[in-house]
Amino acid sequence: MSESGTERFDVIVVGGGPGGSVAASFVAMQGNRVLLLEKETFPRYQIGESLALATVLGVCRMLGVGEELRNAGFTVKRGANFRWGASQEPWAFSFTDSLPSPTDQTFSYQVERAKFDNILLRNAERVGVDVRENCAVHDVIADAERVRGVRYVDANGQERTATATIVVDASGNTSRIYRGVAGERQYSDFFRNIALFGYFDGGRRLPPPCDGNIITAAFDSGWFWYIPLRDDLTSVGAVVRRELVAKVQGDKDLALRRLIAECPLISDYLGDAKRVTEGVYGQVRVRKDYSYCADRFWRPGMVLVGDAACFVDPVLSSGVHLATYSALLAARSINSTLAGTVAEDEAFDEFEGRYRREYGNFYEFIVSFYDMHVDESSYFWRARKVINHQGTDLAAFARLISGVSSGDGALVAEDPAASGESEDWDRAMNLRFDPFRAKWGAARWIPGGLPKPGPRPGGLVPSEDGMSWQVRVRATVWTEV
């Protein structure tokens with residue numbers, strides 16, 4: 001491979017999935033020069049097909065791709081249905097339960113990720129991002145002070161270097177460069193599952209208007225997802241505990257059929273449906289769904305978003321939400337840093353605090369959600385405790401799964417700067433949260449050091465357009481103990 005000259009950008013984004021495309025777009029929309037490097041050529045296959053409300057109602061609206069999504073023919077998702085817990089009867093929730101004043105679009109989509117991800121990547125190009133596909137990043141350029149850029153191999157096999165003020169790693173769970181920020185990933189002992197999944201031609205649907213809802217069904221060996229992607233296409237996957245790994249070994253098609261037979265609800269819904277055996281959906285695939293969290297999410301010059309930073313069990317379909325929301329948070333920090341309106345450490349501490357809280361809420365709740373000895377009312381109550389919601393238990397559960405429990409106004413089509421945000425500000429800014437113990441540590445992270453009696457800065461809030469941070473001064477009375 002021959003050496004080529006070094007190019008200079010404001011920001012380099014590694015990875016063209018939803019996290020990378022969203023981060024790159026929001027930064028480019030502020031007039032910054034952004035390079036996005038993607039190792040594959042889009043459209044390409046990806047799993048993670050059920051979207052949270054916040055992704056569509058919030059992030060995609062801000063990007064300006066709402067109409068394109070409506071015209072793409074994706075299945076409308078109005079909530080989710082469960083056969084889960086002690087109750088023998090299925091139960092459900094609706095996205096309309098998640099917002100105090102339902103808007104005209106309290107629905108999301110079930111998406112074929114090849115089409116959805118391509119919409120976001122092509123939109124990034126339209127807003128000015130320099131998108132380069134078939135370019136594999138293999139290293140970061142760094143010194144003792146900060147990350148300065150990346151080394152990559154371009155589509156022609158040439159070794160290239162590019163430098164930037166900030167590098168975004170959005171290259172997912174297989175990231176080769178996340179250690180440029182975090183030395184290690186801490187893996188959860190609780191969530192070490194294996195997923196086996198394929199696609200079926202046909203399959204039953206729930207009665208309208210819930211016919212586009214995902215069905216999540218527990219059975220003795222684990223749980224199933226059942227996602228209606230089109231009238232003639234259903235995504236079906238079994239998630240089993242790691243001690244049952246023998247059930248997914250050997251002939252994968254036979255293994256999936258045997259697991260389906262263990263779950264009467266899924267077996268009944270598939271009925272006479274036939275597994276797709278050709279094309280991109282023709283394989284039965286296996287994936288390790290191990291939950292993890294990086295030691296750090298950023299260092300000077302580099303930030304991790306989406307699965308590069310953390311991953312949580314997919315039972316609540318949170319993957320794309322965590323990727324796109326963390327990308328929005330990172331973009332706010334990048335835009336503020338590049339504009340010189342907020343110091344880099346303050347901006348990215350804000351990003352990390354908020355992303356850890358969102359990830360931690362899902363992790364903490366899912367731990368309790370795996371308790372199969374209680375009914376849905378107990379899950380709803382637990383959701384209210386986890387997110388500290390003042391409304392009903394059902395509304396708390398719906399807000400958590402919808403991705404709007406952070407109170408960030410940008411995610412619910414409100415004024416981002418006037419959202420009211422978290423009911424528990426100190427909890428939101430606690431960087432000592434240990435998601436694998438499912439509780440909050442005693443130590444507090446506070447901008448500028450330890451608290452003193454009297455008013456103090458209350459952290460950062462989104463700007464009016466939702467694209468950056470601004471300082472919020474909040475009067476707080478501190479009592480010495």
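# A guided tour from Met-467

Begin by selecting Met-467, which lies in the loop between strand S20 (456-462) and strand S21 (469-474); helices (H or I, at least four residues) and strands (E, at least two) are DSSP runs, numbered from the N terminus. The model on display is predicted, so that local features need pLDDT of at least 70 and side-chain atom pairs count only at pLDDT 80 or more, whereas totals for chains, interfaces and linings use all residues. Residues are numbered from 1 along each chain as its sequence is written, and side-chain values use heavy atoms, with hydrogens and water left out.

**Around Met-467**

Met-467 has a relative accessible area of 8% and is therefore buried (buried means under 20% relative accessible area, exposed over 50%, partly exposed in between, with a 1.4 Å probe and protein chains only). Next, display its contacts, that is, residues with heavy atoms within 4.5 Å. Leaving aside neighbours within four places in sequence, Met-467 is in contact with Phe-26, Met-29, Gln-30, Met-62, Ala-331, Arg-332 and Asn-335. Add Met-62 to the selection: Met-467 and Met-62 are 405 residues apart in sequence, yet their C-alpha atoms are 9.2 Å apart in space.

**Helix H1**

Follow the contact to Phe-26 into helix H1 (residues 18-28), where 11 of 11 residues are buried. Among them are Pro-18, Val-22, Phe-26 and Ala-28.

**Two cis peptide bonds**

Select Phe-42 and Pro-43, which are joined by a cis peptide bond with omega of about 0 degrees. Pro-43 is placed in the loop between strand S2 (34-37) and helix H2 (53-63). A cis peptide bond also joins Pro-208 and Pro-209, with omega of about 5 degrees. Pro-209 is in the loop between S11 and S12. Most residues other than glycine have a negative phi, and most peptide bonds are trans.

**Two positive phi values**

Move to Ser-317, in the loop between strand S19 (310-311) and helix H7 (319-339). Ser-317 is not a glycine, but has a positive phi of about 55 degrees. Its relative accessible area is 14%, so Ser-317 counts as buried. Then centre on Asn-388, in the loop between helix H9 (376-387) and helix H10 (393-402). Phi of Asn-388 is also positive, near 60 degrees, in a residue other than glycine. Asn-388 is partly exposed, because its relative accessible area is 27%.

**Arg-185 and the cysteines**

Select Arg-185 in strand S11. Arg-185 counts as buried, at 8% relative accessibility. Not counting residues up to four places away in sequence, Arg-185 touches Gly-172, Asn-173, Ser-175, Tyr-178, Tyr-292, Cys-293, Ala-294, Asp-307 and Ala-308. From that list, take Cys-293: its C-alpha atom is separated from that of Arg-185 by 5.4 Å, although the two residues are 108 apart along the chain.

From Cys-293, step to Cys-310, whose sulfur has its closest cysteine sulfur in Cys-293, at 5.1 Å, too far for a bond. A disulfide is a pair of cysteine sulfur atoms within 2.5 Å, and by this rule the count comes to 0. Cys-310 is buried, with a relative accessible area of 1%. Cys-60, too, is buried, with a relative accessible area of 1%.

**The second largest pocket**

Now display the second largest pocket, with a volume of about 490 Å³. Of the 22 residues that line this pocket, the closest to its centre are Ala-218, Phe-219, Asp-220, Gly-222 and Met-372. Strand S11 (185-201), strand S12 (214-219), strand S13 (222-230) and helix H6 (264-270) are the elements that give two or more residues to the lining. S11 supplies the largest share, 5 residues.

On a 1 Å grid over the protein atoms alone, a pocket is an open set of points where a 1.4 Å probe fits, with protein on both sides within 12 Å along at least five of seven lines; lining residues have an atom within 4 Å of a point. Grid points are joined across faces, edges and corners, and the volume is the space filled by probe spheres set on the points.

Colour the lining by residue class: 11 are nonpolar, 4 polar and 7 charged. Here Ala, Val, Leu, Ile, Met, Phe, Trp, Tyr, Cys and Pro count as nonpolar, Asp, Glu, Lys and Arg as charged, and the others, Gly among them, as polar.

**The whole protein**

Finally, zoom out to the complete model, which has 11 helices and 21 strands. Buried residues make up 58% of its 481 residues. Among contacts between residues at least 6 apart in sequence, 71% join residues at least 24 apart.
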